[in-house]
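Reader: Hello! I'd love a close look at one part of this protein, with enough of the surroundings to place it. Could you walk me through the turn that follows the fourth strand, and then the strands around it?

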Amino acid sequence: MTQDAYNTAKPEQWDLYIKKLSTLGALKSFEQAELQNWHSTANIGSASATYATYIVPMAFDTGPAHLTLTLVSSNDKTLIRSIKFSSDILMQ
């Protein structure tokens with residue numbers, strides 16, 4: 001995960017996120033990731049970067065969910081920029 005992304009939450013918030021995600025139950029299956037969009041940046045004085053966002057349909061024992069995953073690739077590294085789970089269970 002990028003340091004910027006990791007620093008968006010305090011350790012207590014990460015604990016809360018993990019606890020909330022655990023309400024999804026056990027992962028039963030997931031489908032192939034589907035590219036939603038991508039773009040590249042070229043900044044003067046710094047490395048260029050490519051951002052790609054994928055949707056991954058998933059099934060947990062509590063029902064369906066979707067993972068939205070954004071990756072950033074720069075300097076021969078690919079890191080997670082953001083992760084978002086969507087599920088009816090998480091809205092309760």
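**The loop between E4 and E5**

Author: Happily! Asp-76 lies in the loop between E4 and E5, and Asn-75 is found in that loop too. Please keep in mind that this is a predicted model.

Let's begin with these two loop residues. Asp-76 counts as exposed because its relative accessibility is 84%, and exposed means over 50%. Asn-75, at 62% relative accessibility, counts as exposed as well. Their backbones deserve a look. Most residues other than glycine have a negative phi. Asn-75, although it is not a glycine, has a positive phi of about 50°. For Asp-76, also a residue other than glycine, phi is positive and near 60°.

Now step out to the strands on either side. E4 and E5 form a hairpin with two residues between the strands. Strand E4 covers residues 63-74 and strand E5 covers residues 77-86. The two pair in the antiparallel sense, over nine bridges. To follow the pairing by eye, find Leu-71, which stands opposite Ile-80 in E5. Then find Leu-69, whose bridge partner in E5 is Ile-83.

Ile-83 also takes you to the surface. Together with Met-1 and Tyr-6, Ile-83 forms a nonpolar patch there, and the accessible area of the three together is about 280 Å². Met-1 comes from the start of the chain, in the segment before helix H1 (3-6). With 39% relative accessibility, Met-1 counts as partly exposed, because that class lies between the 20% limit for buried and the 50% limit for exposed.

Strand E4 has another neighbour. E3 and E4 run antiparallel and are joined by eleven bridges. They too form a hairpin, with two residues between them. Leu-71 is a handy marker here: Ala-52 stands opposite Leu-71 in E4, while Leu-71 also stands opposite Ile-80 in E5.

Next to Ala-52 in your sequence view is Thr-53, a good place to pause in strand E3 (residues 49-60). Is Thr-53 buried or exposed? Thr-53 counts as buried because its relative accessibility is 14%, and buried means under 20%. Its side chain makes a polar contact with the side chain of Thr-70, at 3.1 Å. Leaving aside residues up to four places away in sequence, Thr-53 touches Thr-68, Leu-69 and Thr-70, and also Glu-34, Leu-35, Gln-36 and Asn-37. When you trace side chains along these strands, it helps to know that in a regular strand they alternate between the two faces of the sheet.

Finally, zoom out to the whole chain. There are two helices and five strands, and along the sequence they follow the pattern α-α-β-β-β-β-β. The C-alpha trace spans about 45 × 30 × 20 Å along its principal axes. Of the 92 residues, 21% are buried, and Thr-53 counts as one of the buried residues. The chain exposes about 6,900 Å², with carbon and sulfur atoms supplying 55% of that area. Among contacts with a separation of 6 or more, 39% come from residues 24 or more positions apart.

Terms used. Residues numbered from 1 in each chain as written. Predicted model: local features only at pLDDT ≥ 70, side-chain atom pairs only at ≥ 80, totals over all residues. Heavy atoms only, no water. Helix = DSSP H or I, 4+ residues; strand = E, 2+ residues; numbered from the N terminus. Buried < 20%, exposed > 50% of the residue type's maximum accessible area, 1.4 Å probe, protein only. Polar contact = N/O pair within 3.5 Å; in protein donor to acceptor, adjacent residues only side chain to side chain. Contact = heavy atoms within 4.5 Å. Pairing = 2+ DSSP bridges. Patch = residues over 30% accessible without salt bridge, like charges linked within 9 Å, V, L, I, M, F, W, Y side chains within 5 Å. Areas by Shrake-Rupley, 256 points an atom, 1.4 Å probe, with all protein chains shown as cover. Salt bridge = Lys/Arg side-chain N within 4 Å of Asp/Glu carboxyl O.
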